[in-house]
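Student: I have a structure open on my screen, and I would like to learn how to read it. Could you go through some features with me?

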Amino acid sequence: MAAPQVSAAQAIGEYLQSPDDLLKVSAFRKKLEKEKASIDARLKSGVKEQLDATREGLTKLLGTRNNVQVIKEEMQTVDRMCSDPQNVVSTFDQISRVSMVHRNFEQTEEMVNNLLEINSKLDVLEELLEAESRTIIGLAPNLLPIHFHINRLEAFRNQAMHQAKKASANSRYKLARMFERLNKLIEDFEAYIMELARNVLPLVRAGHPQVVVKLIKIVELEAREDEKAIAIRLVKKAAKMDAASKFKSMQANARIIKHYRSKATKAISDSIKANFDDAYMRHQRDPGAFLGGLGWIYQDLIRIESDVVPCFPPSYEIHAFYIKEYHRTLNGTLQRIIESEPDASIMLDLHAWIKEYKKSMKELNVAPELLDPPLLGGEEQNLIEDYLKLIVKKLDEWSANLMKTEIQEFTTRSDPPEVDSDGLYGTQGAVILFQMVNQQIDAATESGQGAILARVVGEVNRVMRSIQDQWTKVVEAELKKQTEKPEEVVGGLAEYCIALANDQIKSADNSEALLGRLEPLVSEKYRTTINEKLNDAIDGNLDVAKKCIQTFIDIILNDLKPATKQLFQPTWYDGIMEQIVLTMRDYMADQSYINPSLLELLVEYLLDAFLVTYLTALANCPKLRMPAATERIKEDISIVFSFFSGFKPAKELEPYFEVVDLILAMLEASKSMVFLSFWAFAKVHGPCIPFVEGLMKVRGDFDRSAVSEVMDSIKRKVKDEGLTDPPEPTIMKKITVQSTLSRFLRT
């Protein structure tokens, strides 16, 4: 950037900033005069130097032009003498003809001798080459001599064939036949050379790096000969024919371009590909074993850097070449694995292996640009998505096939349920399901990535929830058939419901064990997700188990309908409870095949269902014959209590039947004492006015006025005391009291 220009006034202003500075004007002027004189002297000296340099340059330029002119004239003289030597040497024409004849004699003699000796030379060379070819991984002591002699014979062939261009076709054919053995030998030698190139690394491993050096010497020599031949052809193509005829070597050169360098590097590439193909084919059915055995890649690259690189000229950049070829071939092989649609676990193995590969190549100080393109296009993270898609596909396929079989067995019920090792009803479905689940979970666990494990657990939860929904619908459909068209339904639904409930408990236990196994393996971030998903699956199992138990109860109640319809009807007074209990006992005969925790639930559900049915019948019955009705109720409850005592201790049963005792107290109480019995009932179960009013109306010993009097006092007391339903609903909430009209229509 140029410095800003300062005016003379500004410069003077810097020195004259106060009145006292005026006294310094004369000194300031002298200083400026000295600086000006110094600058003028320097400028004069600089101008003189530039003028001297310019003068000297012009002098040299004129001298150079004179020299060029002299050389040009001398070159013209030489050209005239060369183009027409007859003008200088009178006997030049004779000398030229004699020289040509002599040269032709020598060439003819040499060619004849070579033609006579070629077969014997070929015999020796073929024998030597055959011996060398038998042992590729060897010292190859005759490699360079063989090449030297083959090269000389090849040059002779090229010269002979070039000179025979003007000969007859028959002569050319005979000459070509004479060189057929040589051509075959050259081909065999080239094949041998390429085989050595394919075995560069094995040769170095075997301790024969000198063979690789010999190989590269041959390749380099042939490359130089190729370049020379190509250059001559370009000159011939660019020059005029009369100018080209002056180059005798051009006419003699009929070399076939060999491209040894490109062929050798291709042979090395082919050997690398062959190594990968062999490794892949050995483990074609086990890609995991293939990935696990790829450690030889790193060993090869280390050996190449230490032992192979010194055998090659720097221009080959052989280390970079090997790395690129290994990487490229590896990428192609991994693509083959992907295209073979391997198991889901292989996707995880592949993802982990690529991650380790990058780390290992970095440790080997491999430049990133040599690893281009990235393995699998740099989209190895898509392996995780592919893995999860495959998991979804496999789980969906397996679960669909499993459920098809399980539902068919459940609906046809051609055989009784299987009994497992614990002596419980069950099916193989639960076992097979968790074999599938554990297989996928174990594979995801081996990845060491919490995100993958959490997503797999999510997919497992989805599949398990789908299976649970299917079972719920199947159970509901089978129960509907059982209740609506019992004559068309195959028996055994109750037993299969128990088997399915047992399976659900077993699945819940397996899920809980799985949760305990996985939680310590992941961080809090993924532990919460896994916990939620597996607990959700466990809840689903328990819901299906409860559904099965409830269905079992519904089947029992459906069978009991003819008997329960008689409750508190005229026939009831003769006693029907024995028949009801007998039916329940028949269904409970298979209690030993029920999971103990489910048996306890079943007993509670059955007891609750019986009491609801019994009390509902009582709440909607016709007039009761008193006191025969209360006595009959006591006998019924005694029979039922005795039955359930076989499954629960008496002390645990008493709270269940307490409601019946409270209701009996209201039935047995006199008109004046009913209120006290009601109050004891209401404190536990709430007012339940419709039920109590219905109960009072069916008492045969109360007329309408008595019922009205009792209910008025009860309602008034309830209102005065502000009596409400208890915080926790009791069994009375399940009792349905029909309206008077409904009762009338039913009767």
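Tutor: Gladly! Let us begin with a term: helices are DSSP runs of at least four residues, numbered from the N terminus. Keep in mind that this is a predicted model. With that numbering, cysteine 688 can be placed in the loop between helix H25 (674–685) and helix H26 (689–698).

Student: What is the phi of cysteine 688?

Tutor: Cysteine 688 has a phi of about 45°, a positive value, although this residue is not a glycine.

Student: And is cysteine 688 buried or exposed?

Tutor: The cut-off you need is that buried means under 20% relative accessible area. Cysteine 688 has a relative accessible area of 17%, so this residue is buried.

Student: Which other residue has a positive phi without being a glycine?

Tutor: Look at arginine 413, where phi is near 45°. You will find arginine 413 in the loop between H16 and strand S1 (418–419). With a relative accessible area of 6%, arginine 413 is buried.

Student: Now the helices. How do I describe two that pack together?

Tutor: The general idea is that two packed helices are described by the angle between their axes and the distance between the axes. Try helix H16 (residues 382–412) and helix H18 (residues 450–484): their axes come within 10 Å and cross at roughly 20°.

Student: What does that angle say about the directions of H16 and H18?

Tutor: Angles under 35 degrees count as roughly parallel. H16 and H18 are therefore roughly parallel to each other. The crossing of H16 past H18 is right-handed. Sorting the residues of the contact between H16 and H18 gives 17 nonpolar, three polar and seven charged.

Student: At what angle do the axes of H24 and H25 cross?

Tutor: The axes of helix H24 (residues 650–668) and H25 cross at roughly 155°, and they come within 8 Å. Here the cut-off is that angles over 145 degrees count as roughly antiparallel. H24 and H25 are therefore roughly antiparallel to each other. Their crossing is left-handed.

Student: Which residues make the contact between H24 and H25?

Tutor: From H24, select Val659, Leu662, Ile663, Ala665 and Met666. From H25, select Val674, Ser677, Phe678, Ala680, Phe681, Val684 and His685. The residues of this contact divide into 10 nonpolar, two polar and no charged.

Student: Where do nonpolar side chains tend to go?

Tutor: In soluble globular proteins, nonpolar side chains tend to be buried together. In this model, the largest nonpolar core has 201 residues, and Trp353, Tyr387 and Ile663 touch the most other members. Helix H22 (residues 596–619) supplies the largest share of this core, 16 residues.

Student: Which residues does tyrosine 387 touch, not counting those up to four places away in sequence?

Tutor: Its partners include Ala344, Ser345, Met347 and Leu348. Gln440, Ala443, Ala444, Ile452 and Val456 are also among the residues that tyrosine 387 touches.

Student: Let me ask about single helix residues. Is threonine 551 buried or exposed?

Tutor: Threonine 551, in helix H20 (residues 524–564), is buried, with a relative accessible area of 2%. Leaving aside neighbours within four places in sequence, threonine 551 is in contact with Val475, Leu479 and Cys497. Cysteine 497 is 54 residues apart from threonine 551 along the chain, yet their C-alpha atoms are separated by 7.3 Å.

Student: What about helix H14?

Tutor: Helix H14 (residues 318–339) holds glutamate 325, and threonine 333 is in H14 too. Glutamate 325 counts as buried at 11% relative accessibility, and threonine 333 counts as buried at 3%. Beyond residues up to four places away in sequence, glutamate 325 touches Ser269 and Ile272, while threonine 333 touches Phe276, Tyr280 and Phe290.

Student: One last feature: where can I look for a cis peptide bond?

Tutor: Go to the bond from aspartate 372 to proline 373, which is cis with omega near 5°. Proline 373 lies in the loop between helix H15 (344–363) and H16. Methionine 626 and proline 627 are also joined by a cis peptide bond, with omega about 5°. The place to find proline 627 is the loop between H22 and helix H23 (628–644).

Note on methods:
Residues numbered from 1 in each chain as written. Predicted model: local features only at pLDDT ≥ 70, side-chain atom pairs only at ≥ 80, totals over all residues. Heavy atoms only, no water. Axes fitted to C-alpha atoms, helices over the stretch in contact; angles between N-to-C directions. Helix = DSSP H or I, 4+ residues; strand = E, 2+ residues; numbered from the N terminus. Parallel < 35°, antiparallel > 145°, perpendicular 65-115°, else oblique. Left-handed = near helix turned anticlockwise from the far one by under 90°. Nonpolar A, V, L, I, M, F, W, Y, C, P; charged D, E, K, R; others polar. Buried < 20%, exposed > 50% of the residue type's maximum accessible area, 1.4 Å probe, protein only. Contact = heavy atoms within 4.5 Å. Core = buried A, V, L, I, M, F, W, Y, C linked by side-chain atoms within 4.5 Å.
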